[in-house]
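Biologist: I'd like a close look at one part of this model, please. Pick a single pair of facing residues and work outward from there, at whatever pace suits you.

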Amino acid sequence: MLELASLEDLPEEYRAALKEQNLVPLWPSLRAVLPPGKPVPRTKPICWPYQALRPLLLKAGELTPIEKAERRVLVLANPGHGLEKMQASSTIYLGMQLLLPGEWAPAHRHTPNAVRMIVEGEGAYTTVEGEKCTMSRGDLILTPTGLWHEHGHEGDKPVIWLDVLDLPVVYYMEASYVTEGKAQAVSAQAHAYKLGGVVPSPVFTRTDQPFPMLRYPWVNVRQALEALALSQPEIEAVQVAYVNPETGADCQKILGFSALMLRPGERLTLPVRSTAMVFHQIEGSADVTLEGHQFCLTEADTCCIPGYTEVTLANRSPENPGFIFIADDAPLQKKLGVYEVRN
């Protein structure tokens, strides 16, 4: 490949003249923004063990009352982007959030899309546009862009969940903001969608809601994975996607979410894709192996893997299945035409 001239090759007075006019020569930095063959990711492989994180989160509950925090969250920050950026990857924000018994995190709405993967505890709920979504371990709850939402806790033990947002993208576009609101009246419960392939159609009319389903109970997702493994034992990967039940499209527009079951003792090599990925262990354990790194995930551990990376997942248990929640930015990449799978 042709070697390009550097900035230092230009006369100092010429560089000063460019700077005065807010101009920058492209060629000294061309390889940095257009590297040959594949991107050079800032996202680093990293793991956040839950047993190390949990005591620090509970301590935050002692140190900072909810009234002084609004959302009591420890951000899972990737050092490749700088901890101050609060990014797990270029497009994904992760935060572990704590709600204590009797607490209420006030209603607001914001432009970034969010989902909540429930990690621990019972008795809490998220109310989204008047729909009360109860929280149990492994449930996925959507709080899409622009929808009012708040969190409350009617139980007696701490509840913890993993927040996954497209905040880095929306912030980069200078479109990120929040609007504060008042407590919502509960007007609905999430009962309309119970079975894949069956949706409400009163008097032959289908809904036009962009987010008709807000809570995906883990008990149903787990049953779907187990049924898939049983009915198709030859299938390469036992995996399901979280989708809009009315359209079959991704449940949100920027980030995509799926759940993967590793059979007892199974070893699975994933295709090399252009997307960074977040893995969160819902149940069981798994070894995540990539070039130069291995993470040994146990329940509630979370890790992030850069794009264009070959990843192998292995269930360490010869007797029990393992279940992993996966987040990536495939929906956005597909819309932009840059999504890629390499053999």
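Modeller: Let's start with serine 258, which stands opposite isoleucine 326 in strand E23. Please keep in mind that this is a predicted model. The pair sits where strand E15 (residues 256-262) is joined to strand E23 (residues 322-328) by 7 bridges, the two strands running antiparallel.

These two strands belong to an open sheet of 6 strands, whose order is E1-E21-E18-E23-E15-E14 and whose pairing is antiparallel. At its edges are strand E1 (46-48) and strand E14 (238-241), each of which pairs on one side only. Going from one strand to the next, the twist averages 20°. As background, strands of a sheet pair through backbone hydrogen bonds, and they may do so in parallel or antiparallel fashion.

This sheet has a helix lying across it. Helix H6 (residues 218-231) crosses E14, E15, strand E18 (277-283) and E23, and its direction makes an angle of about 140° with E14.

Now for the other sheet I'd like to show you. It is open, has 6 strands in the order E2-E3-E10-E5-E8-E13, and its pairing is antiparallel. Here the edge strands are E2 and E13, each pairing on one side only.

Within it, E5 makes a good stopping point. This strand is mostly covered, with 6 of its 7 residues buried. With strand E8 (residues 140-143), E5 pairs in the antiparallel sense over 4 bridges, and alanine 114 stands opposite threonine 143 in E8. With E10, E5 pairs in the antiparallel sense over 6 bridges. Two facing pairs can be picked out there: arginine 116 stands opposite aspartate 163 in E10, and methionine 117 stands opposite leucine 162 in E10.

Let's stay with methionine 117, which has its place in strand E5. Is this residue buried or exposed? Methionine 117 counts as buried, because its relative accessibility is 0% and the cut-off for buried is under 20%. Leaving aside residues up to four places away in sequence, methionine 117 touches Gly138, Asp139, Leu140, Trp161, Leu162, Tyr242, His280, Ile282 and Phe325. By contrast with those contacts, take valine 128: it is 11 residues from methionine 117 along the chain, and the C-alpha atoms of the two are separated by 15 Å.

Some of those names come up again in the nonpolar core. The largest core has 58 residues, and the members touching the most others are Leu94, Met96, Leu140, Val164, Tyr242, Phe257 and Phe325. Apart from this core lies another, of 17 residues, including Leu260, Leu290, Leu313 and Ile326. That brings back isoleucine 326, the residue that serine 258 stands opposite. In general, nonpolar side chains of soluble globular proteins tend to be buried together.

Helix H3 (residues 50-63) ties in with the E5 sheet. H3 lies across E2, E3, E5 and E10, running at about 55° to E3. Its 14 residues reach 20 Å from the first C-alpha to the last, close to the 20 Å expected at 1.5 Å a residue. Buried in H3 are Tyr50, Leu53, Leu57, Ala60 and Gly61. Viewed down the axis of H3, these buried residues fall within an arc of 100°, so they line one face of the helix. The general pattern behind this kind of spacing is that an α-helix has 3.6 residues a turn, so residues three or four places apart point the same way. The buried residues of H3 pack against E1, strand E2 (73-75), strand E3 (93-99), strand E5 (114-120) and strand E10 (159-165). E1 is the edge strand we met in the sheet of E15 and E23. On the other side of H3, Gln51, Leu56, Glu62 and Leu63 are exposed.

Finally, here are two loop residues for when you check the backbone. Most residues other than glycine have a negative phi. Glutamate 174, however, has a positive phi near 55°; it is found in the loop between helix H5 (167-172) and strand E11 (178-180). Glutamate 174 counts as exposed because its relative accessibility is 76%. Phenylalanine 204 has a positive phi of about 65°, although it is not a glycine, and its loop lies between strand E12 (188-189) and strand E13 (215-216). Phenylalanine 204 is exposed, with a relative accessible area of 80%.

Definitions and conventions
Residues are numbered from 1 along each chain as its sequence is written. This is a predicted model: local features need pLDDT of at least 70, side-chain atom pairs count only at pLDDT 80 or more; totals for chains, interfaces and linings use all residues. Side-chain values use heavy atoms; hydrogens and water are left out. A nonpolar core is a set of buried Ala, Val, Leu, Ile, Met, Phe, Trp, Tyr and Cys residues joined through side-chain atoms within 4.5 Å. Buried means under 20% relative accessible area, exposed over 50%, partly exposed in between (1.4 Å probe, protein chains only). Two strands pair if DSSP finds at least two bridges between them. Axes are lines fitted to C-alpha atoms, for helices over the stretch in contact, and angles run from 0 to 180 degrees between N-to-C directions. Contact means heavy atoms within 4.5 Å. The expected span of a helix is 1.5 Å times one less than its number of residues. The arc is that of the directions from the helix axis to the C-beta atoms.
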